[in-house]
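Work through the exercises below with the sequence and the model side by side, and try each task before you read its solution.

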Amino acid sequence: MYQIDLNCDLGESFGVYKIGMDEEMLDLATSVNIACGFHAGDPTVMRKTVQLALKKGVHIGAHPGLDDLKGFGRRNIPISAVEAYDLVMYQIGALYGIIKGEGGVMQHVKPHGALYNMAAKNKELAEAIATAVYKIDENLILFGLSGSELIKAGEKLGLKTAQEVFADRTYQKDGTLTPRTDAHALIDKSEQAIHQVIRMVKEGKVHSIQGVDVPIKADTVCIHGDGPYAVHFAKEIRQALKDSKVVVQGIRSNRVKGD
């Protein structure tokens, strides 16, 4: 039997600015990654998003990013391993406290944007992030790009890991995501995205923009919630998975290291 978790980045509004369709996406995702105030979000948005997720019964994770509100955490900013450790620990700690205060439990951590992509390749950054996660709570699941340095760092420490794949992003032949600066980085056709997701889940392969198949492992699929057609897109993907006999369920039910 094939099974997969669907995760979505939420809680990215801040102040008077509303970003994304959080409540609608919570009906479709099985795990959510809540922004922790650095690249997006603020304390009030964090608390309200946690409350919504608990109400919907969706697993909650922290989504720490670079201190880059203006660039939405998507600009590569050179940081040291120590800086990565500190900013990740700070952000996880903030959301961890809010979740506990609302009567919930944090399930996982997934770095955001540039920090995520930097840690996919940079062993030192990956190990710093994994260590911060481990020291806060060794029972947390670390989400990372499939086959990345972040996954390797988490496994080295004994953390549970979830290898993540993307519905709306193209891949390079080395298994990394195509940079957003590239014109071919995003997939905007639902048929193409669905085909890619089904193949990653059932065949363990993804077709790179260089034209070669890349081996990949899928424990969780990211469905972004901030696009104009995000909800419709997510509904189509979820229905396609069901039609393909793939069970959509929370990550703790998947075959993740340590379970």
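**Exercise 1.** In which sense, left-handed or right-handed, does α7 pass α8 in their crossing? Work out the geometry of this pair, and then list the residues that make the contact.

*Solution.* Keep in mind throughout that the model is a predicted one. Two packed helices are described by the angle between their axes and the distance between the axes.

Step 1: Find helix α7 at residues 190-203 and helix α8 at residues 230-243, whose axes come within 10 Å and cross at roughly 40°.

Step 2: Classify the angle; since angles under 35 degrees count as roughly parallel and 65 to 115 as roughly perpendicular, α7 is therefore oblique to α8.

Step 3: Settle the sense of the crossing, which is right-handed for α7 and α8.

Step 4: Name the partners, which are S190, A193, I194, V197 and I198 on the side of α7, and F233, E236, I237, A240 and L241 on the side of α8. Sorted by character, the residues of this contact of α7 with α8 comprise 8 nonpolar, 1 polar and 1 charged.

**Exercise 2.** Describe how α5 crosses α6, and state the character of the residues where they meet.

*Solution.* Step 1: Locate helix α5 at residues 123-136 and helix α6 at residues 149-157; their axes come within 8 Å, with a crossing angle of roughly 45°.

Step 2: Apply the classes of angle again, from which it follows that α5 and α6 are therefore oblique to each other. The crossing of α5 and α6 is right-handed.

Step 3: Read off the residues that meet, which are K123, A126, E127, I129, A130, T131 and Y134 from α5, and E149, L150, A153, G154, K156 and L157 from α6. In this contact of α5 with α6 there are 7 nonpolar, 2 polar and 4 charged residues.

**Exercise 3.** Which residues does Y85 contact, once its neighbours within four places in sequence are left aside?

*Solution.* Step 1: Place Y85 in its element, helix α3, which spans residues 81-101 and packs against α5 at an angle of about 35°, with the axes 8 Å apart. The crossing in which α3 passes α5 is right-handed.

Step 2: With those neighbours set aside, the contacts of Y85 are A128, T131, A132 and K135.

Step 3: Look at one of these pairs, Y85 and A128, which stand 43 residues apart along the chain, while their C-alpha atoms are separated by 5.0 Å.

**Exercise 4.** How much space lies in the largest pocket, and which helix gives the most to its lining?

*Solution.* Step 1: The volume of the largest pocket is about 510 Å³.

Step 2: Its lining has 28 residues, among which G113, A114, N117, R169 and R180 are the closest to the centre.

Step 3: Helix α4, residues 113-121, contributes the most to this lining, with 7 residues.

Step 4: By character, the lining of the largest pocket divides into 10 nonpolar, 10 polar and 8 charged residues.

Key
Residues numbered from 1 in each chain as written. Predicted model: local features only at pLDDT ≥ 70, side-chain atom pairs only at ≥ 80, totals over all residues. Heavy atoms only, no water. Axes fitted to C-alpha atoms, helices over the stretch in contact; angles between N-to-C directions. Helix = DSSP H or I, 4+ residues; strand = E, 2+ residues; numbered from the N terminus. Parallel < 35°, antiparallel > 145°, perpendicular 65-115°, else oblique. Left-handed = near helix turned anticlockwise from the far one by under 90°. Contact = heavy atoms within 4.5 Å. Nonpolar A, V, L, I, M, F, W, Y, C, P; charged D, E, K, R; others polar. 1 Å grid on protein atoms, 1.4 Å probe; cavity = no way out; pocket = protein on both sides within 12 Å on 5 of 7 lines; lining within 4 Å. Points joined across faces, edges and corners; volume = space filled by probe spheres on them.
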